[in-house]
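User: I'm new to reading protein structures. Could you walk me through this one, starting with salt bridges?

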Amino acid sequence: MAHDPDLDPILKALCDADAALAQRLDGIAARLERLEAAPPVSAPPAPEAPKPAEPLPAEGSPAGFSKIGELKIDRRLTFDWSAFDIYLPQWGVGPKSLGRPSLLDWQADGSVIVNAGFGERDPATGRTWHTGAMQGQNGMRHALGRMGAEIHVTRPHAVAAFFAHADNAKEIDFELTFLDGKPGWSPAVHMPQAGGGRVSSSRRIMRRAPLADRVQRLEYDLRPDRCDFYCDGEIFETIYPADMAEGGTWDTTTVMTVFLSVEHHDAWAGWSAGDYAKGAQMRVHAVTPKAVWIETPDKAPLPRPVAGGTAVDPAPRTINGGAWLFTQKEGSTSGIATDGRTVVMGKTGTGESSARATFAVTPGVPHRASFSVQGYLSVTGAGQGWAGLSSGSHVRDFVPSKDSETITISASRATLSQMTDLRIEPVRAA
């Protein structure tokens with residue numbers, strides 16, 4: 001082919017471009033060699049994914065427990081005493097802490113995931129810890145007795161807590177701590193101090209229940225002479241009045257409110273700044289919405305009902321001169337206080353509880369039945385005429401026709417109710 005001088009400029013430009021491309025490729029190859037020879041740079045850690053919570057055991061929760069999702073959510077804090085409520089508070093707990101209802105994730109299976117962690121930066125205080133919290137109402141308010149929750153801590157990096165608190169500083173705690181190199185449930189009892197403040201169960205080193213990566217059942221049982229702490233049905237610690245610091249009282253009358261939360265605490269809890277930075281989470285499956293208990297001088301408990309069945313007290317209990325028997329159907333709870341004066345009734349679901357007291361009387365002689373009620377109870381017997389009774393003192397005179405008189409009480413509404421000082425005595429002449 002003949003030489004065309006007009007193509008020379010084009011051919012020269014192509015040659016120059018080819019040389020420049022080869023030079024750039026040589027530079028890229030050298031850079032890749034340097035990168036391969038350099039030590040690897042670790043990528044920032046990926047956010048920790050929440051672990052799936054294990055389901056409850058196939059047999060389900062014990063009698064008296066209800067799925068947390070079945071309780072009514074009261075966003076207005078109206079205290080409807082005819083229903084079980086959970087209130088979603090916005091309050092501060094621990095350093096730089098703020099409770100947020102939005103941190104609660106309600107699940108289709110009736111459980112709720114409680115989240116917590118650092119949120120947006122506050123210009124005045126720095127980063128703010130946001131606490132996931134639930135505050136129990138109505139039946140989850142009690143002064144004495146047994147209360148429980150079924151919990152799975154799915155991200156153990158902060159103080160997961162199940163506790164009861166009263167404004168006078170009375171408090172019973174399960175708090176997840178990190179001590180001796182491992183996480184565990186720390187129990188504590190706090191009681192009001194004369195003149196203000198509080199004292200704690202600080203005269204002994206408390207045993208802890210180990211944290212398990214599954215659903216755990218935590219329960220405390222406050223009694224006039226002690227407070228037992230249970231994990232999965234077994235007592236792991238008991239705190240007595242003698243274990244309290246000087247100056248406190250063993251308060252069994254002030255009503256406490258139950259809380260479930262995930263919180264940021266000071267160094268005493270053992271969690272590091274790195275732990276808190278990861279955020280924390282627990283999943284609450286079920287709670288006992290009624291704090292009720294069985295207790296007699298011989299410590300004999302009322303048997304739990306089997307599925308679909310009824311539990312009957314095996315022997316009468318003597319209280320105020322009467323012989324008491326208790327019947328408890330599945331899904332209900334009932335109890336009697338240790339002081340032998342008070343019968344506490346609670347109702348959950350469709351189950352029923354009843355307490356029946358038989359008193360020896362003299363036929364044809366005037367007698368008087370008297371007692372006090374807190375809450376609402378259904379009462380029959382002692383000359384009849386009683387039905388649902390509300391708070392207050394009640395007295396009835398009657399003349400028995402036989403040598404025994406029976407009074408039956410039952411929990412007829414979804415409330416925690418109690419009868420105190422029930423007596424049937426001959427009417428004394430003036």
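Analyst: Sure! A salt bridge is a side-chain nitrogen of Lys or Arg within 4 Å of a carboxyl oxygen of Asp or Glu. Here, Arg204, Arg207, Glu237 and Asp243 are linked in a network of salt bridges. A search of the whole structure finds 14 salt bridges. Before we go on: this is a predicted model, where local features need pLDDT of at least 70 and side-chain atom pairs count only at pLDDT 80 or more, while totals for chains, interfaces and linings use all residues. Residues are numbered from 1 along each chain as its sequence is written, and side-chain values use heavy atoms, with hydrogens and water left out.

User: Which residues form salt bridges with Arg226?

Analyst: One is Asp225, with the closest N and O atoms 3.1 Å apart. Asp228 also forms a salt bridge with Arg226, and there the closest N and O atoms are 3.2 Å apart.

User: Is Arg226 buried or exposed?

Analyst: Buried means under 20% relative accessible area, exposed over 50%, and partly exposed in between (1.4 Å probe, protein chains only). Arg226 has 12% relative accessibility, so it counts as buried. Asp228, at 3%, counts as buried too, whereas Asp225 is partly exposed at 37%.

User: What does the salt bridge between Asp397 and Arg368 tie together?

Analyst: First, the words: helices (H or I, at least four residues) and strands (E, at least two) are DSSP runs, numbered from the N terminus. In this pair, the closest N and O atoms are 2.6 Å apart. Asp397 sits in strand E27 (residues 388–398) and Arg368 in strand E26 (residues 367–381), so the salt bridge ties together parts that are 29 residues apart in sequence.

User: How many helices and strands does the chain have?

Analyst: Two helices and 29 strands. Take strand E19 (residues 280–287): eight of its eight residues are buried, so the rest of the structure largely encloses it.

User: Which strands pair with E19?

Analyst: Two strands pair if DSSP finds at least two bridges between them. Strand E1 (residues 66–67) pairs with E19 in the antiparallel sense over two bridges. Strand E9 (residues 145–155) also runs antiparallel to E19, joined by six bridges. One partnership there is Ile151 with Val284 of E19.

User: And what is a nonpolar core?

Analyst: It's a set of buried Ala, Val, Leu, Ile, Met, Phe, Trp, Tyr and Cys residues joined through side-chain atoms within 4.5 Å. The largest one has 52 residues, and Ile151 and Val284 are among those touching the most other members. Apart from it lies another core of 20 residues, including Val343 and Trp386.
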